Amino acid sequence: MKELRHLKLSTFAAVFAWSALLAGFCHYDISLARQHTEALARKEARANFDKDLAFRLWATSHGGVYVPIDSRTPPNPALAQIPERDIQTPSGRKLTLMNPAYMLRQLMEDFGELYGIRGKITSFKLMNPINAPDAWEAEAMHQFERGAKEVFEFANIDGEPYLRLMAAMLVQQGCLKCHGSQGYKLGEVRGGVGVSIPMRPYWQELDEQIHKKIAMYGAIWLIGLAAIISWSLLSKRRLLEKDRITAQIGQQHAAIERANAELTHFANISAHHLMEPARRLLSYAQRLRTRLGSRIQEDEDALLSLEYIEKGAARMRDLLRDIERYLAASTARGPMQLNDPGAALTEARRRLAKLIADNKVELDVTALPPVYLDLPRLADLFEILLNNAIIHARLDVPPRVRIAAQAEKSAVRIVIEDNGPGIEPEYRRRVFGVFEQLKPNPLAGTGIGLAIVERIVNSRNGKIWIESSDMGGIAVIFDLPTGVLNNDVRD
């Protein structure tokens with residue numbers, strides 16, 4: 001269930017991240033489209049301004065032009081001070097002078113009626129009141145006085161969206177013919193020329209682009225959303241299948257554990273009940289030997305039979321004892337905690353005191369760090385390994401055993417070395433098997449000792465192996481983890 005909740009949260013997070021990512025890209029793309037639209041409008045405004053500027057410069061270079069007087073083009077009162085403002089041709093046709101501003105204003109009116117693009121020339125020093133600036137134009141001209149070259153603004157004019165451009169109009173030599181009387185000097189700002197571009201076509205095209213982009217990103221979002229949902233459903237199906245298999249494995253594991261526990265219990269009970277006949281057989285054989293006394297020496301067959309009975313009974317007793325120890329090797333028999341190996345080694349030496357003394361064993365022990373294992377089984381480890389080193393020692397040299405340990409990253413490594421005959425590499429794994437004995441040895445035990453040691457080490461997820469020792473014999477090495485394990489529970 002925890003994994004399903006995690007999957008659900010991951011799915012929501014993926015949907016949110018995917019949606020945010022697509023929304024971000026869509027917003028960025030629309031912003032670029034808007035910037036591109038505005039750039040096109042600005043470019044068109046500048047193009048129209050350049051057209052008006054070129055026309056005005058042309059008219060200025062010619063000092064204006066004479067046109068027939070009619071109702072739309074009457075003599076300009078603002079040019080009354082100019083000589084020959086109005087002239088008459090030899091044929092009697094009357095003409096009036098149009099200066100650049102007069103011509104440009106009339107041209108802008110015609111251009112605006114044809115194409116919707118408005119234009120205007122304005123100034124603070126007016127010769128014609130109809131050219132008076134509005135508030136935005138006045139602010140633009142103040143910016144020209146502070147050094148600005150052009151001013152843009154998106155605004156509504158008569159309820160329609162426009163892009164307004166106004167650029168500075170500088171006094172040139174030709175301007176002084178009409179405006180010299182106003183006190184202007186060559187090169188200074190005389191006013192501004194404005195252009196207003198209708199933005200409705202631009203905004204309509206931008207809206208169409210936005211709708212297309214939203215549709216495209218929406219389709220991509222739906223594809224990604226479908227992929228996320230498909231992945232989530234597939235993952236959920238796999239988790240449910242995993243849970244089903246885990247539950248099935250758990251049931252099988254529990255059944256195996258029950259069967260193993262029942263088998264172990266049966267083996268323990270059997271060993272326990274078989275131990276009693278073995279003890280009685282040995283006890284009565286010894287009583288019979290005592291009762292017969294010296295007479296048993298007179299009958300060789302009876303003596304040999306009695307010895308076989310004693311040896312067989314002792315062998316059976318030792319086998320049953322070691323089988324019980326082997327079955328109990330994976331179960332703690334004391335507190336599972338960090339214990340001092342020195343205490344366990346002392347107990348092992350006490351159990352083997354006679355054997356050590358009889359064989360004059362030289363024992364070399366270095367400082368041993370604490371290990372996480374109950375003391376009874378730790379003592380069994382040392383007892384079995386010391387016993388093996390002594391009973392399998394060479395006959396020509398006194399037995400020597402060296403015990404050392406070192407703390408590893410997550411375990412304690414203990415090494416027990418001897419100067420015995422050693423074990424060939426191909427047999428070093430085999431000797432850990434139950435009832436495995438490489439050579440006949442009258443002093444050897446039941447052949448279960450190393451199997452018990454390995455079972456104890458494995459119960460703590462440790463490992464054990466055999467290497468050659470620089471003392472001439474073997475080195476039995478085992479690692480015991482220092483941490484607490486799930487199975488570190490005393491039964």
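These questions and answers go through burial, helix packing and backbone angles in a predicted model.

Q: Why is Glu383 called buried or exposed?
A: The relative accessibility of Glu383 is 16%. Buried means under 20%, so Glu383 counts as buried. Glu383 lies in helix α9, residues 375-391. Beyond four places in sequence, Glu383 touches Arg325, Ala348, Arg351 and Leu352.

Q: What makes α7 and α9 oblique, parallel or perpendicular to each other?
A: The axes of α7 and α9 cross at roughly 50° and come within 8 Å. Angles under 35 degrees count as roughly parallel and 65 to 115 as roughly perpendicular. The pair α7 and α9 is therefore oblique. As for handedness, α7 passes α9 in a right-handed crossing.

Q: Which residues of α7 and α9 meet?
A: From α7 come Pro341, Ala343, Ala344, Leu345, Glu347, Ala348, Arg349 and Arg351. From α9 come Leu375, Leu378, Ala379, Asp380, Phe382, Glu383 and Leu386. By class, this contact of α7 with α9 has ten nonpolar, no polar and five charged residues.

Q: What makes a set of residues a nonpolar core?
A: The residues must be buried, of the nonpolar kinds counted for a core, and joined through side-chain atoms within 4.5 Å. The largest nonpolar core has 41 residues, and Leu381, Phe382, Ile403, Ile414, Ile416 and Phe478 touch the most other members. Two or more residues each are given to this core by α7 (341-351), α9, β11 (400-407), β12 (411-418), α10 (449-458), β13 (463-468) and β14 (474-481). The largest share, nine residues, comes from α9. In soluble globular proteins, nonpolar side chains tend to be buried together.

Q: Which residues is Ile403 in contact with, beyond four places in sequence?
A: Ile403 is in contact with Leu345, Leu363, Asp364, Val365, Thr366, Leu368, Phe382, Leu386, Val415 and Ile416. A second, separate core has 17 residues, among them Ala41, Ile117, Phe152 and Leu163.

Q: Why is Ile309 called partly exposed?
A: The relative accessible area of Ile309 is 37%. Buried would be under 20% and exposed over 50%, so Ile309 is partly exposed. Ile309 is found in helix α6, residues 300-327. Leaving aside neighbours within four places in sequence, Ile309 is in contact with Leu281 and Ala285. The C-alpha atoms of Ile309 and Gln286 are 9.6 Å apart, with the two residues 23 apart along the chain.

Q: How do you know that α6 is roughly parallel to α10?
A: The two helices pack at an angle of about 15°, with axes 9 Å apart. An angle under 35 degrees counts as roughly parallel, so α6 is roughly parallel to α10. The crossing of α6 past α10 is left-handed. The contact is made by Asp322, Arg325, Tyr326 and Leu327 of α6 and by Ala451, Ile452 and Arg455 of α10. These residues divide into four nonpolar, no polar and three charged.

Q: Why is Gly64 called buried or exposed?
A: The relative accessibility of Gly64 is 10%. The cut-off for buried is under 20%, so Gly64 counts as buried. Gly64 is found in the loop between α1 (2-61) and β1 (65-68). Not counting residues up to four places away in sequence, Gly64 touches Ala59, Leu97, Met98 and Asn99. Between Gly64 and Ala23, 41 residues apart in sequence, the C-alpha distance is 58 Å.

Q: How do α1 and α2 cross, and which residues meet?
A: The axes of α1 and helix α2, residues 100-115, cross at roughly 145° and come within 9 Å. The crossing of α1 and α2 is right-handed. Asn48, Lys51, Asp52, Phe55, Arg56, Trp58, Ala59 and Thr60 in α1 meet Pro100, Met103, Leu104, Leu107, Met108 and Phe111 in α2. Nine nonpolar, two polar and three charged residues make up this contact of α1 with α2.

Q: Why are Glu84 and Asp158 called buried or exposed?
A: Exposed means over 50% relative accessible area. Glu84 has 60%, so Glu84 is exposed. Asp158 has 65%, so Asp158 is exposed. Glu84 is found in the loop between β1 and β2 (86-88), and Asp158 in the loop between β5 (150-157) and β6 (160-170). Glu84 has a positive phi of about 55° although it is not a glycine. Phi of Asp158, also a residue other than glycine, is positive and near 55°.

Terms used. Residues numbered from 1 in each chain as written. Predicted model: local features only at pLDDT ≥ 70, side-chain atom pairs only at ≥ 80, totals over all residues. Heavy atoms only, no water. Helix = DSSP H or I, 4+ residues; strand = E, 2+ residues; numbered from the N terminus. Buried < 20%, exposed > 50% of the residue type's maximum accessible area, 1.4 Å probe, protein only. Contact = heavy atoms within 4.5 Å. Axes fitted to C-alpha atoms, helices over the stretch in contact; angles between N-to-C directions. Parallel < 35°, antiparallel > 145°, perpendicular 65-115°, else oblique. Left-handed = near helix turned anticlockwise from the far one by under 90°. Nonpolar A, V, L, I, M, F, W, Y, C, P; charged D, E, K, R; others polar.
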